[in-house]
Amino acid sequence: MPDKTQLEGEVYHPSAEVVAQAHIKDWEAIAEHARNDLQGFWAECADELEWYQKWDKVLDDSNKPFFKWFVGGKVNIVHNCIDRHLKTWRKNKLALIWESEDGKEHRTFSYYAMNREVTRMANIIKSMGVQKGDRVTIYLPRIPEIVFAMLACAKIGAVHSVVFAGFSTDALQGRIEDSQSRLVITCDGSFVNGKVIELKRTVDEALKRCPSVENVIVIKRVGHDVPVDPLRDHWYHALSALPVANGKCPTEMMDAEDPLYILYTSGSTGKPKAILHTHGGYMVGTYATLKYVFDLKDDDRWWCAADPGWVTGHSYIVYGPMLNGATSFMFEGGPAYPYPNRWWQCVERYGITVFYTAPTAIRGLMRFGEAWPNKHDLSSLRLLGTVGEPINPEAWRWYHRVIGKSRCPIMDTWWQTETGMFMITPTPVVALKPGSGTRPFFGQEAEVVNENGDPVPDGEEGYLVLKHPWPAMLRTIYGDPDRYVKQYWSKYPGRYLTGDSAKRDKDGYFWIIGRVDDVINVSGHRLGTAEIESALVSHPAVAEAAAIGLPHEIKGTGIHCFCLLRAGHAPSESLAEELRQHVAQHISPIARPETVKFVDKLPKTRSGKIMRRVLKARALGMPEGDISTLEE
Ligand code: WT7
């Protein structure tokens, strides 16, 4: 690292107080060690956890890019999230604190209680005939039961597939069908900004086309009447009263490389990819990154304000915190309901010390002004974090000054569903630059390269690639190993293609610019242009459609669509509105386009591919770039 006094640009050095208490004593020394002995570094991290049987080999790269980690090791991530803590004083420590959206319900679970809840759910899942390796779809909002359900699956060796509860029927149906789940765990409904979203009805609709599902477990959350199919659907509270639910349940011994979960994410084709993570490597990666980056200690109260339905929640609400024996807070609601002080009220009420959210939330809250956070005592906070999209420096400064009172360093963590863990990230001991994730985590090197794979000069934009395997890396795309190879390892063999563009500055700091594939990042949520387009084309009025992302003040990027109508349909305001609604209904309200415009023609290549780049340039009034392949 260059002498810290010589870093270029706007730089924030960590205070002596922060440095003094950090797990990391000497960043350079650990980085150097991991650079020289990648396997040794990760083995030391793995050694801090318990294994039923030690691994024979840390990294097996004999069949690239199908890397294997901790080969021969026997473990179960739940053993380290729960069982291990029950043998220590931590059995009495709070694992989870939860507050309802309306603030009227509070539930807390010690590690001991967490074990009871997870064991009960595991017994119930088992009693439905679910076996090791079977897939279970979980479609639940931010309530403690989503944590129980995920851990219960892992405990018995079933593979969970969580579908974010904000997804609609088609998205849910596609994910259930692709995973061939035998069981769905859901609830009657969820509360979103004071309204009830009928989740069970969405499940019923989706299951009309999912023959693999034998059983549905329904948790009562909102207390609405919902249709119940007596052969297929079971109330969780009724099952909980049965003797079968209340015995002990052994934690299944798994191979380190056995699948833990799949999680769908958007790619550049219409079909979302099922990213597969494992028990061993994912456990080690999420444990170590959370420990080092957010510097968790036993007296911390950690709050990751994401949803368990995304990878952020998987790694840093559920697994990472519990692997660290931490106390984690989960809030059912959003930041601004009923008022924009809701989150800060929770920080004060629960004494949150480390807080992690997305830039879109910060931008959204900034809009309401400083008075809202200033109503609350935020002095418990010591570290902050962001994830999901580049953070603009104004939002960074606001977060730093107004929330962190200029005392709390901000960990801008760059990573992906595929990486499972933080990849380019600050730690509390490094100097920060607003908008940069600083440098890769220990054991990783990143590069910014051109089309041919050659590194571009510092300060120039290029494709971001990663040079080394890491333990929490995806192992494959479930059911489609060829796509795994093609998508991530073919453009530059030997290097992992992130799909992002970035710049590196002369201090070696990375600045993420955004996706370079056909993925739109709306408020930190990944949506494929192809998914949006196919939802539009499924409407009877639409013949062809193109979706692009354009800058949006709060969401980072907003979706804008161009539609060519079928004969007999005329453009109108009401049709545009209907199409926006149609996309929200089929994919998710997150995917609702900002605008739908009607066109006579879409710019295409001679081979018929829509040139979204040209649409985007036109919309922004910028030069159209190389249009030599344009068909017109
Ligand atoms: C994409 C991955 C990993 C959790 C959330 C999203 C973008 C993520 C940052 C960041 C700039 C970021 C990238 C990445 N992204 N974190 N700190 N700075 N961009 O997971 O849905 O798999 O999306 O989110 O474009 O490729 P995901």
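Two strands are said to pair if DSSP finds at least two bridges between them. In this predicted model, strand E29, which covers residues 556-565, and strand E30, which covers residues 595-598, pair in the parallel sense over 4 bridges. One of these bridges can be followed residue by residue, for Cys 561 has Val 596 in E30 as its bridge partner. Between the two strands comes helix H18, made of residues 573-586, and together E29, H18 and E30 make a right-handed β-α-β unit.

Pairing of strands can also build up a wider sheet. Strands of a sheet pair through backbone hydrogen bonds, and they do so either parallel or antiparallel. Here, 8 strands form an open sheet with mixed pairing, and their order across the sheet is E12-E11-E8-E6-E7-E14-E15-E23. The edges of this sheet are strand E12 (233-235) and strand E23, each of which pairs on one side only. Further in, strand E6 (residues 135-139) and strand E7 run parallel and are joined by 4 bridges, and within this pairing Ile 138 has Val 162 of E7 as its bridge partner.

Leaving strand E7 (159-162), the reader comes to the loop between that strand and helix H7 (169-179), where Ser 168 is found. Ser 168 has a relative accessibility of 12%, and because buried means under 20%, this residue counts as buried. The side chain of Ser 168 reaches the backbone oxygen of Gln 585 at a distance of 3.3 Å.

The next theme is the aromatic rings. A pair of such rings is described by the distance of the centres and the angle of the planes. The structure holds 45 aromatic pairs, and one of them is formed by Tyr 292 and Phe 442, whose ring centres are 5.8 Å apart and whose planes stand at 85°, so this pair is edge-to-face. Since Tyr 292 lies in helix H10 (residues 280-293) while Phe 442 lies in the loop between strand E20 (410-413) and strand E21 (446-449), the pair ties together parts that are 150 residues apart in sequence. Tyr 292 counts as buried because its relative accessibility is 11%, and Phe 442, at 3%, counts as buried too.

A second edge-to-face pair is formed by Trp 470 and Tyr 496, since their ring centres lie 5.2 Å apart and their planes are at 85°. This pair also links distant parts of the chain, with Trp 470 in the loop between strand E22 (462-466) and strand E23 (476-477) and Tyr 496 in strand E24 (residues 496-504), 26 residues apart. Both Trp 470 and Tyr 496 are buried, and ring pairs link them with Phe 66, Phe 67, Tyr 484, Tyr 488 and Trp 489 into a cluster.

Rings can also be found beneath charged groups in this model, as the charged end of Lys 54 sits over the ring of Trp 55 at 5.1 Å from its centre, and Arg 107 lies over the face of Trp 98 at 5.9 Å from the ring centre.

Finally, which residues come nearest to the ligand? Out of the 17 residues around it, these are Asp 412, Thr 413, Thr 417, Arg 515 and Arg 526. For Arg 515, a polar side-chain atom lies 2.8 Å from an oxygen atom of the ligand, and for Arg 526, an N or O atom of the side chain is 2.8 Å from a ligand oxygen atom. The backbone takes part as well, for a polar backbone atom of Gly 388 is 3.1 Å from a nitrogen atom of the ligand.

Note on methods: Residues are numbered from 1 along each chain as its sequence is written. This is a predicted model: local features need pLDDT of at least 70, side-chain atom pairs count only at pLDDT 80 or more; totals for chains, interfaces and linings use all residues. Side-chain values use heavy atoms; hydrogens and water are left out. Rings of Phe, Tyr and Trp (its six-membered ring) pair if their centres lie within 6.5 Å; planes under 30 degrees apart count as stacked, over 60 as edge-to-face and the rest as tilted. Buried means under 20% relative accessible area, exposed over 50%, partly exposed in between (1.4 Å probe, protein chains only). A charge sits over a ring if NZ of Lys or CZ of Arg is within 6 Å of the ring centre and within 35 degrees of the ring normal. A crossover is right-handed if, with the strands pointing away from the viewer, the path from the first strand over the helix to the second runs clockwise. A residue is near a molecule or strand if one of its heavy atoms lies within 4 Å of it. A polar contact is a pair of N or O atoms within 3.5 Å; within protein, one must be able to donate a hydrogen and the other to accept it, and residues adjacent in sequence count only if both atoms are side-chain atoms.
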